[in-house]
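Here is a guided walk through one protein model. Keep the structure in view and follow the helices as they come up.

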Amino acid sequence: MLFVDEIHRFNRAQQDSFLPYVEDGTITLIGATTENPSFELNGSLLSRAQVLVLKRLDEAALSTLLDRAEHLTGHRLPLDDAARRALIAMADGDGRYLLNTAEQLQALPDTGTTLDPAALAHHIQQRAPLYDKAQEGHYNLISALHKSMRGSDPDAALYWLARMLDGGEAPLFVARRLVRFANEDIGIADPHAVQQALAAWDVYERLGTPEGELAIAQAVVYLATAPKSVAVHRGFNAADRAARRTGSLLPPAHILNAPTRLMKDLGYGKDYQYDPDTTDGFSGADYFPDGMDRETYYEPTRNGYEAQITERLRHWAALRARRQRE
């Protein structure tokens, strides 16, 4: 049996060197890693392994662990009930931290008194939240924030924002993600959303921590409670696929400028209608390339401001159809 701690630190060639010995049964390989195996281990090695996820311990498990430690040492920790609960909360699911701290407390001089939460804090330092700004924890929490806002849950969104900031995340990283969210998940359903996100970014750059973090929290609540739409996002993706498919088709001549006589003779700008001067403010002209049928990419939802856009587009579609019949 071969146990490899932090196996993700082995490079690809080193990981591959295990394969023949794992396959012929020479070794039973047990690897431990604090990273996501999907990202850090070779697919060939991962396909031959069974992945077991070690989750954080809950309060009941931590309490049991503490009872066992006290039983093995034969000494009960000098903590009152409130301090005992505080110690378990500070462990934040990490049994190793709990045992290390219990060992420190066992080494304290026996004064015959018990520690309350305030006294406990004097003897041990506050545990930093489990959050890695560069690895999986970073992406897990920003995903949780993003999806909470997408799910219109401002309370959950504020919780994940607080977790990130408490863990040391750069507030400007969050601010940039809010701007992305405003465009990606809200769009024209609420045109003010991106302005709120940009304003939070600007306020934080002007005020810094901690005052500027309130502006980010305000933007999080605004975005979480705003109507949602990905219509623009989908429309742009559809238009991008069409642009790649149709190649280099030229715009129709009637919408091309004709700054020279030759271009005018070639028909550039001929019969162009200036929409604001038409009766309905809409000419109904075809702006797609010659030889390309009209396609629909942007399909607004009935959410927020897009409900008004839906009615406007329907009105213009009816006018366009009428102009074509005339």
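**Helices, cores and loops**

The crossing of α6 and α7 is right-handed. This is a predicted model, and that crossing is a good place to enter it. Helix α6 covers residues 81-91, and helix α7 covers residues 95-106. Their axes come within 9 Å and cross at roughly 140 degrees. The two helices are therefore oblique to each other. Look at the residues where they meet. From α6 come Leu-87, Ile-88, Met-90 and Ala-91. From α7 come Tyr-97, Leu-98, Thr-101 and Leu-105. Sorted by class, this contact has 7 nonpolar residues, 1 polar residue and no charged ones.

Now look at what sits between these two helices. Asp-92 lies in the loop that links α6 and α7. Its phi is near 55 degrees, a positive value in a residue other than glycine. Most residues other than glycine have a negative phi. Is Asp-92 buried, exposed or partly exposed? With a relative accessibility of 27%, Asp-92 counts as partly exposed, because the partly exposed class runs between 20% and 50%.

Helix α7 has another partner. Helix α5, residues 59-73, packs against α7 at an angle of about 40 degrees, with the axes 10 Å apart. That makes α5 oblique to α7. The crossing of α5 past α7 is right-handed. On the α5 side, the meeting residues are Leu-62, Leu-65, Leu-66, Ala-69 and Thr-73. On the α7 side, they are Gly-95, Leu-98, Leu-99, Ala-102 and Gln-106. By class, the α5 and α7 contact has 7 nonpolar, 3 polar and no charged residues. Leu-98 is a residue to note, as it appears in the contact with α6 and in the contact with α5.

Step back towards the start of the chain. Leu-45 is placed in helix α4, residues 43-46. Why does Leu-45 count as buried? Its relative accessibility is 6%, and buried means under 20%. Which residues does Leu-45 touch, not counting those up to four places away in sequence? They are Ile-7, Gln-15, Phe-18, Leu-19 and Leu-29. Glu-23 gives a further bearing on this spot. Leu-45 and Glu-23 are 22 residues apart in sequence, and their C-alpha atoms are 10.0 Å apart in space.

Next, move on along the chain to the largest nonpolar core. This core has 28 residues. Which of them touch the most other members? They are Leu-145, Met-149, Leu-161, Val-174, Leu-178 and Leu-223. Several helices feed the core. At least two residues each come from α9 (136-150), α10 (154-166), α11 (171-186), α12 (193-207) and α13 (211-225). Helix α11 gives the most, with 8 residues. Leu-178 shows how this core is joined up. Beyond its neighbours within four places in sequence, Leu-178 is in contact with Met-149, Ala-197, Ile-216, Ala-219, Val-220 and Leu-223. Another core, of 16 residues, lies apart from this one. Among its members are Leu-62, Leu-87, Met-90 and Tyr-97.

Stay with α11 and look at its packing on α12. The angle is about 170 degrees, and the axes are 8 Å apart. These helices are therefore roughly antiparallel to each other. The α11 residues in the contact include Pro-171, Leu-172, Ala-175, Arg-176 and Leu-178. The α12 residues include Ala-193, Val-194, Ala-197, Trp-201 and Glu-205. By class, the α11 and α12 contact has 13 nonpolar, 1 polar and 2 charged residues.

After α12 comes an unusual peptide bond. Most peptide bonds are trans. The bond from Thr-209 to Pro-210, however, is cis, with omega near 0 degrees. Pro-210 lies in the loop between α12 and α13.

The last stop is the loop between α15 (261-265) and α16 (306-325), where Thr-278 is found. Asp-271 has its place in the loop between α15 and α16 too. Are these residues buried or exposed? Thr-278 is buried, with a relative accessible area of 19%. Asp-271 counts as exposed, at 64% relative accessibility. Thr-278 is in contact with Gln-273 and Ser-283, leaving aside its neighbours within four places in sequence. Asp-271 has a positive phi of about 65 degrees, although it is not a glycine.

Definitions and conventions
Residues numbered from 1 in each chain as written. Predicted model: local features only at pLDDT ≥ 70, side-chain atom pairs only at ≥ 80, totals over all residues. Heavy atoms only, no water. Helix = DSSP H or I, 4+ residues; strand = E, 2+ residues; numbered from the N terminus. Buried < 20%, exposed > 50% of the residue type's maximum accessible area, 1.4 Å probe, protein only. Contact = heavy atoms within 4.5 Å. Axes fitted to C-alpha atoms, helices over the stretch in contact; angles between N-to-C directions. Parallel < 35°, antiparallel > 145°, perpendicular 65-115°, else oblique. Left-handed = near helix turned anticlockwise from the far one by under 90°. Nonpolar A, V, L, I, M, F, W, Y, C, P; charged D, E, K, R; others polar. Core = buried A, V, L, I, M, F, W, Y, C linked by side-chain atoms within 4.5 Å.
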